[in-house]
Amino acid sequence: MSKVTVVGSGFVGATVAQLLADKDIADVCLVDVIDGMPQGKSLDMMQAAAVHGFDRKLVGSNDYADTKGSDIVVITAGIARKPGMSRDDLLKTNANIVQTVARETVKHSPDAIFIVVTNPLDVMTYLTWKTTKLPASRVIGMAGVLDSARFQTFIAMETGFSVQDVRAMVLGGHGDLMVPLTRCATVNGVPIANFLSKEKIDEMVKRTQNGGAEIVALLKSGSAYYAPGSSVVQMVEAILKDQNRLLPCAVLADGDYGLKDVYIGLPTVLGREGVKRIVELKLEKEEAELLKKSADSIKENIDLMNKLLVAV
Ligand code: APR
């Protein structure tokens, strides 16, 4: 029986836990610093089991000892973005939280694969890799699946076709500099340029890049959690079921796409050992330049984070 620990039992964490149990993917240990909250949420979800008829166990805890032997650790602990706050404003607070969580969880689950959700995503994934000292193939950031889902949703909304037939991939950092691969986006294999004007596509790219902020502005407090939760669960399922799915994830570039020493969204093959490989696509000049710009911005933030952590 697979076990997934979710640290941070707020909106994203709880959504992940519920979906994992509901889809019969894994038993879940929900952890949070708030006393009683993960216990209350997991008991509530167990009672939903009586209605839905799933047999998965959910346990809530404030003690990392209960996370022992997890196959996957999902880190959602941190503070969420508030209106007007950029993802990078979150850097200092969330770096301290993620460092603590990574250190504590890896002690109890040295064989786990880590999926990081806390923002700023690429930098927090890098920090988790550094802190756990695990092979990079076992520390992965969730952003590309979510950004691609957003792009796919907008394509379906604009064309009127079922979202089930829309495929698209977004690379780069999880920020304003993400790189939606518009020429690879299709409706059941037909490139979207057959259905949409260049202006419309450019508009959708901007909306995708601003996808998180659009929801933050509407919610007024907190940030998105349904689509982020679903995206994490797709990655967990791909790993536990060894599906070899080709999904864009934040991974350590080690010369791939001409990038080095940076976590950034690239097409990866996910399976039981985590990242099986990074798939190198032939990018057009403009796409490669955008990816490089995105990587430079992440690197600046990694440097800034290193300074902030030393200063604490
Ligand atoms: N250890 C464990 N849990 C913690 C810690 C910690 N050191 N610090 C904070 N938390 C918990 C909070 O108590 C809270 O329950 O993390 C949870 C975060 O939940 P929310 O505030 O509801 O935030 P959420 O919407 O779930 O977003 C979490 O994911 O998408 C990103 O930008 C988002 O970084 C944010 C993260």
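How many residues of domain 1 are in contact with domain 2, and how many does domain 2 bring to that contact? Let me start there. It's 39 residues of domain 1 against 42 residues of domain 2. One caveat up front: this is a predicted model.

Okay, the layout. The protein chain splits into domain 1, residues 3-141, and domain 2, residues 144-307. Take the C-alpha centres of domain 1 and domain 2, and they sit 21 Å apart.

Now, the interface. People often quote interface size as the accessible area lost when the parts come together. Here domain 1 and domain 2 bury about 3,400 Å² between them, and 73% of that is on carbon and sulfur atoms.

What about charges and polar atoms? The rule finds one salt bridge across the interface of domain 1 and domain 2. If you want to click on a salt bridge, try D71 and R272: their side chains meet at 3.2 Å, N to O. Then there are five residue pairs in polar contact across the interface, with both residues at pLDDT 80 or more.

So which elements does domain 1 put against domain 2? Those giving two or more residues are helix 1 (11-22), strand 4 (72-75), helix 3 (91-108), strand 5 (113-116), helix 4 (121-132) and strand 6 (139-141). Helix 4 gives the most, with eight residues. By class, this side of domain 1 has 26 nonpolar, five polar and eight charged residues.

Right, on to the ligand. It has 21 residues around it, and the closest are F11, V12, D32, T76 and N119. For anyone thinking about docking poses, here are some distances. A polar side-chain atom of D32 is 2.7 Å from a ligand oxygen. With V12 the backbone is involved: one of its polar backbone atoms is 2.8 Å from an oxygen of the ligand. And for N119, a side-chain N or O atom lies 2.9 Å from a ligand oxygen.

Stay on N119 for a second, as there's some backbone geometry to look at. Most residues other than glycine have a negative phi, and most peptide bonds are trans. The bond from N119 to P120, though, is cis, with omega near 0 degrees. P120 lies in the loop between strand 5 and helix 4, and helix 4 is the top contributor on the domain 1 side of the interface.

And phi? Have a look at N188, where phi is near 50 degrees, so to speak a positive value in a non-glycine residue. You'll find N188 in the loop between strand 10 (186-187) and strand 11 (190-191).

That's my tour. Questions welcome.

Terms used: Residues numbered from 1 in each chain as written. Predicted model: local features only at pLDDT ≥ 70, side-chain atom pairs only at ≥ 80, totals over all residues. Heavy atoms only, no water. Domains from an automatic or database assignment. Contact = heavy atoms within 4.5 Å. Buried area = accessible area lost by both parts, 1.4 Å probe. Salt bridge = Lys/Arg side-chain N within 4 Å of Asp/Glu carboxyl O. Polar contact = N/O pair within 3.5 Å; in protein donor to acceptor, adjacent residues only side chain to side chain. Helix = DSSP H or I, 4+ residues; strand = E, 2+ residues; numbered from the N terminus. Nonpolar A, V, L, I, M, F, W, Y, C, P; charged D, E, K, R; others polar. Near = heavy atom within 4 Å.
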